[in-house]
Amino acid sequence: MSSGEGSLPLTLRVTGRKVVVVGGGHVATRRTLSLLDAGAQVVVISPSISDSLASSIGRGDVAWIQRTYESGDLDGAWLVQTATADPEVDGRVADDAEAHQIWCLKGGAHDHATAWSPAVARVADVTVAVSGGGDAGRAAALRDGVAAALQSGDLPLRHRTHHPDGFVALVGGGPGDPGLLTTRGRRLLAEADVVVIDRLAPHSVLAELPPDVEVIDVGKMPDHHPIPQDEINAILIDRAKQGKIVVRLKGGDPYVFGRGGEELIACREAGIPVEVVPGVTSAIAVAAAAGIPVTHRGVSRGFSVVTGHESLADVPHNRAHTLVMLMGVKRLAETAAELIAAGHDPETPSALIESGCTEDQRVTVGTLATIADRAEAVGARPPAITVIGDVVALSPGWPPA
Ligand code: SAH
């Protein structure tokens with residue numbers, strides 16, 4: 001018989017309980033390590049053992065009786081695993097276990113086994129256990145498939161009953177393409193009770209959420225003013241205090257001009273557990289989407305990410321140091337003039353990339369002296385980044401028409 005009909009799936013609490021492992025080969029080793037992970041008191045009975053068992057024994061985690069199995073070895077055990085590769089010994093262990101009403105896991109032929117180990121994976125607070133069909137390889141493949149789907153957020157991980165502790169995840173949503181959201185971000189979205197989303201975060205992922213997930217769009221207000229930061233902080237804290245899992249879905253990376261640091265501090269001060277999931281920042285990804293590497297051997301050895309709203313007198317003024325400017329499309333002419341006045345070469349290749357990594361992406365190239373006029377000529381609009389430096393000449397859009 002194999003696990004299936006006439007079997008009852010169970011999870012055992014083995015912590016501190018004696019479990020006997022008969023055998024010292026690789027099956028016995030794997031089982032011993034899993035049992036140790038689960039906190040069992042393991043006694044290995046075998047004339048010889050594998051190297052990794054030997055090191056567990058060396059550390060004092062496992063007791064080793066160095067001989068073949070004898071009746072009486074199961075005294076006081078709650079569970080026995082036999083995997084000696086000798087059917088006669090395994091059979092004797094199983095018979096003794098049966099006589100003493102001890103559950104018996106068996107390597108090799110499963111006849112006389114009274115227990116089976118499923119293929120196991122743990123994702124978040126979920127244990128995936130797959131058994132059946134007597135095909136361990138298939139069970140392991142299925143386990144991996146379910147685990148991967150859980151990791152990626154493709155399966156509904158949301159709690160259906162009350163979960164006691166709310167928390168906030170500050171998730172970087174990437175520059176707009178949902179494919180650039182991390183697997184961890186997706187999984188947290190699949191768990192979320194509340195999603196607080198920015199204007200530039202990937203809104204298309206909202207369509208995948210169950211209808212009862214509360215979505216708060218803090219980038220969109222009737223009067224076009226975004227919700228003030230302290231109000232956003234208050235929303236995050238309020239929902240988490242209600243015991244909800246809150247995903248704060250932000251554009252790009254939470255910490256790159258994203259005010260993620262302020263949200264983190266606010267949550268911490270309120271005693272709310274908070275996790276930060278990095279995101280793909282537009283500063284690098286949008287440049288890449290236009291064919292511009294922010295550094296390139298022999299062309300650029302570094303880059304600065306700045307906003308178009310700050311004074312740019314202090315950034316390095318050489319064409320081999322890439323400047324990536326976020327925001328500030330409207331001020332582009334002033335910014336370019338400031339850079340030139342501060343010593344930047346007016347001939348430095350420059351690109352403005354609007355709505356990068358989306359279907360609407362548009363790239364406009366020019367020099368530092370001409371980029372603002374060119375941007376105005378095409379009616380450039382935010383969101384956009386400006387890249388200034390010799391690396392821009394690597395873009396397929398270079399040279400300017
Ligand atoms: N935390 C974000 C940046 C927030 S500031 C990140 O790491 O990407 C907002 C600015 O980011 C926009 O004004 C624009 O300059 C830039 N930006 C974000 N998404 C963009 C996109 N898809 N295309 C071009 N620029 C983008």
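This passage looks at the ligand site and at the surroundings of Arg158 in a predicted model.

Start with the ligand. Its space in the protein is the second largest pocket, and 18 residues sit around it. Among these, Pro175, Val256, Thr281, Ser282 and Ala384 come nearest. Two elements of secondary structure stand out in the shell: helix 8 (282–289) and strand 17 (384–388) each supply at least two residues.

Several N and O atoms pair up between protein and ligand. On the backbone side, an N or O atom of Pro175 lies 2.7 Å from a ligand nitrogen, while a polar backbone atom of Ala384 is 2.6 Å from a ligand oxygen. Ser282 joins in through its side chain, with a polar atom 2.7 Å from an oxygen of the ligand. As for cover, the ligand on its own has 540 Å² of accessible area, and the protein covers 91% of that.

Now to Arg158. This residue is found in the loop that runs between helix 4 (136–151) and strand 8 (167–172). Arg158 counts as buried because its relative accessible area is 14%, under the 20% cut-off. Its side chain has polar partners of two kinds: the backbone oxygen of Ala192, reached at 3.0 Å, and the side chain of Asp212, with which Arg158 makes a polar contact, also at 3.0 Å. Leaving aside residues up to four places away in sequence, Arg158 touches Ala190, Glu191, Ala192 and Asp193, along with Pro210, Asp212 and Val213. Both polar partners, Ala192 and Asp212, thus turn up in that contact list.

Note on methods
Residues are numbered from 1 along each chain as its sequence is written. This is a predicted model: local features need pLDDT of at least 70, side-chain atom pairs count only at pLDDT 80 or more; totals for chains, interfaces and linings use all residues. Side-chain values use heavy atoms; hydrogens and water are left out. Helices (H or I, at least four residues) and strands (E, at least two) are DSSP runs, numbered from the N terminus. Buried means under 20% relative accessible area, exposed over 50%, partly exposed in between (1.4 Å probe, protein chains only). A polar contact is a pair of N or O atoms within 3.5 Å; within protein, one must be able to donate a hydrogen and the other to accept it, and residues adjacent in sequence count only if both atoms are side-chain atoms. Contact means heavy atoms within 4.5 Å. A residue is near a molecule or strand if one of its heavy atoms lies within 4 Å of it. Accessible areas come from the Shrake-Rupley method with a 1.4 Å probe; for residues, only the protein chains shown count as cover. On a 1 Å grid over the protein atoms alone, a cavity is a set of points where a 1.4 Å probe fits but cannot get out, and a pocket is an open set with protein on both sides within 12 Å along at least five of seven lines; lining residues have an atom within 4 Å of a point. A molecule sits in a cavity or pocket if more than half of its atoms lie within 2 Å of its grid points.
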